[in-house]
Amino acid sequence: MTSQYQILQSGDVEVAKSQQEFAKDILFGLSQPQKCLPSRYIYDTQGSKLFQQIMELPEYYLTQCETEVLHRHKDTITDFFESNSFNLVELGAGDGKKTKILLSHFLENNLDFQYVPIDISETAIHELLDELNQEFCELESRGLVAEYFEGLNWLSNLNHRCNVVLFLGSNIGNFKPFEARDFLLCLWNALNDGDYVLIGLDLKKEIEMLLGAYNDSQGITAKYNLNILDRINYELDGNFDLDNFEYYCTYDVSCGAIHSFLVSQREQTVSIGALNRMFHFEAWEAIHTESSYKFLEKDFSTLAEETGYEVIGNLYDSRRYFVDSLWQVNKM
């Protein structure tokens, strides 16, 4: 295996910048009439571990369905790219379990590709490449420690290979609609004409099933959401008492999203030392922590068209609960 990674950003500078941005976003969110905390901050080291547990839960159908999609359609995906020399680029690879389905099949069929995971965390890239090195000795990989679009711009200017970008796991559903459009436009801008995106989307279905996936019987999702308060405590010198907050989620049929909240169980005041601020909570006042948008086919087809992509094909699981949709960048 040819394995290496390149750092496009200074780690020390990026850490300082991230801490400042974290503090700013927490101050802004808790100062709103409807208090809110950006969901991306749930996902620190502890949050990542909790999310790995969530993905193994029986109620969390999303991982099971997308794993089925990739197994079920790996021949179709392989046939589509077998005549191309390409970079298989992944945004937010995580533990790489689902990606390994494609890596293994591409290698078995002798496709000419290089795997390029992009993540701002050097530790995440290093650990992933080490694991892949042990499992796939013949895999050529090149990790990039960078913001997504910076990494893609660098890669697109480096060589003339086609880029095939993986954005799996219904991560696009964590953006508000206008944020999703903005993200996809930035992605389009960072790619070359004719490049591809394989994007995971969770589909609208029975409401009880949707709610069950975000309110599991073991309470792992509750711990996952509460983790953001814990992070504020140790990174920003906060004094949130997690026992004073209750996790709650609901499904909004008008916009097609699961909304998650942390609800104050009593009147209380919380201090955050790094912000030099106190924040008052009424009894039963809620903090919005996360939204997960679900899609109809017409929703994501319109989204693709509005942001400069052509839908090449849709790959579904057997129950049509989830889709990995293949889009091509159209700049003509």
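Is Asn276 buried or exposed? With a relative accessibility of 71%, Asn276 counts as exposed, because the cut-off for that word is over 50%. The model you are looking at is a predicted one, and Asn276 is a friendly place to start the tour. You will find Asn276 in the loop between β9 (268-272) and β10 (277-281). Its backbone deserves a glance too: the phi of Asn276 is near 55 degrees, a positive value in a residue other than glycine. Most residues other than glycine have a negative phi.

Asp237 shares this kind of backbone. Its phi is positive, about 60 degrees, although Asp237 is not a glycine. Look for Asp237 in the loop between α9 and β7 (245-252). Asp237 has a relative accessibility of 54% and therefore counts as exposed, since the cut-off is over 50%.

From Asp237 we can step to Ile272, a residue it touches. Setting aside neighbours within four places in sequence, the contacts of Ile272 include Asp237, Gly238 and Phe240. Ile26 and Leu30 are also in contact with Ile272, as are Ile232 and Leu236. Arg277 and Phe279 complete the list for Ile272.

Ile272 also leads us into the interior. In soluble globular proteins, nonpolar side chains tend to be buried together. Here, the largest nonpolar core has 42 residues. Ile272 is among the residues with the most contacts inside this core, together with Ile26, Leu30, Leu229 and Phe240. Helix α9 (residues 220-236) gives the core its largest share, eight residues. There is also a second, separate core, made of 31 residues. Val89, Leu187, Ala190 and Val323 are included in that second core.

Now let us turn to the helices. Two packed helices are described by the angle between their axes and the distance between the axes. Helix α9, met above, packs with helix α2 (residues 45-55): their axes come within 9 Å and cross at roughly 160 degrees. Angles over 145 degrees count as roughly antiparallel, so α2 and α9 are roughly antiparallel to each other. The crossing of α2 past α9 is left-handed. On the α2 side, the residues that meet α9 are Gln46, Gly47, Leu50, Phe51, Gln53 and Ile54. Their partners in α9 are Ile220, Thr221, Lys223, Tyr224 and Asn227.

Next come helix α6 (residues 148-158) and helix α7 (residues 177-190), whose axes come within 9 Å and cross at roughly 20 degrees. That angle makes α6 roughly parallel to α7, and α6 passes α7 in a right-handed crossing. Tyr148, Phe149, Leu152, Asn153 and Ser156 in α6 face a set of residues in α7 that includes Phe183, Cys186 and Asn189. Leu187 and Ala190 in α7 also take part in this meeting, and both were named above in the second core.

A further pair is formed by helix α3 (residues 61-81) and α4, which pack at an angle of about 15 degrees with their axes 9 Å apart. α3 and α4 are therefore roughly parallel to each other, and their crossing is right-handed. From α3, the residues in this meeting include Thr63, Glu66, Leu70 and His71. From α4, they are Lys98, Ile101, Leu102, His105 and Phe106.

His105 brings us to the loop between α4 (97-108) and β3 (112-119), the place of Asn109. A polar atom of the Asn109 side chain lies 2.8 Å from the backbone oxygen of His105. Asn109 is partly exposed, with a relative accessible area of 40%.

Two more stops remain. Ser292 is found in strand β11 (residues 286-293). Its relative accessible area is 4%, so Ser292 is buried. The side chains of Ser292 and Lys294 are joined by a polar contact of 3.0 Å. Not counting residues up to four places away in sequence, Ser292 touches Gly173, Asn174, Tyr214, Gly256, Ala257 and Ile258.

The last stop is Glu21, in helix α1 (residues 11-30). At 31% relative accessibility, Glu21 counts as partly exposed. Leaving aside neighbours within four places in sequence, Glu21 is in contact with Arg40 and Tyr41.

Terms used. Residues are numbered from 1 along each chain as its sequence is written. This is a predicted model: local features need pLDDT of at least 70, side-chain atom pairs count only at pLDDT 80 or more; totals for chains, interfaces and linings use all residues. Side-chain values use heavy atoms; hydrogens and water are left out. Helices (H or I, at least four residues) and strands (E, at least two) are DSSP runs, numbered from the N terminus. Buried means under 20% relative accessible area, exposed over 50%, partly exposed in between (1.4 Å probe, protein chains only). A polar contact is a pair of N or O atoms within 3.5 Å; within protein, one must be able to donate a hydrogen and the other to accept it, and residues adjacent in sequence count only if both atoms are side-chain atoms. A nonpolar core is a set of buried Ala, Val, Leu, Ile, Met, Phe, Trp, Tyr and Cys residues joined through side-chain atoms within 4.5 Å. Contact means heavy atoms within 4.5 Å. Axes are lines fitted to C-alpha atoms, for helices over the stretch in contact, and angles run from 0 to 180 degrees between N-to-C directions. Angles under 35 degrees count as roughly parallel, over 145 as roughly antiparallel, 65 to 115 as roughly perpendicular and the rest as oblique. A crossing is left-handed if the near helix is turned anticlockwise from the far one by less than a right angle, and right-handed if clockwise.
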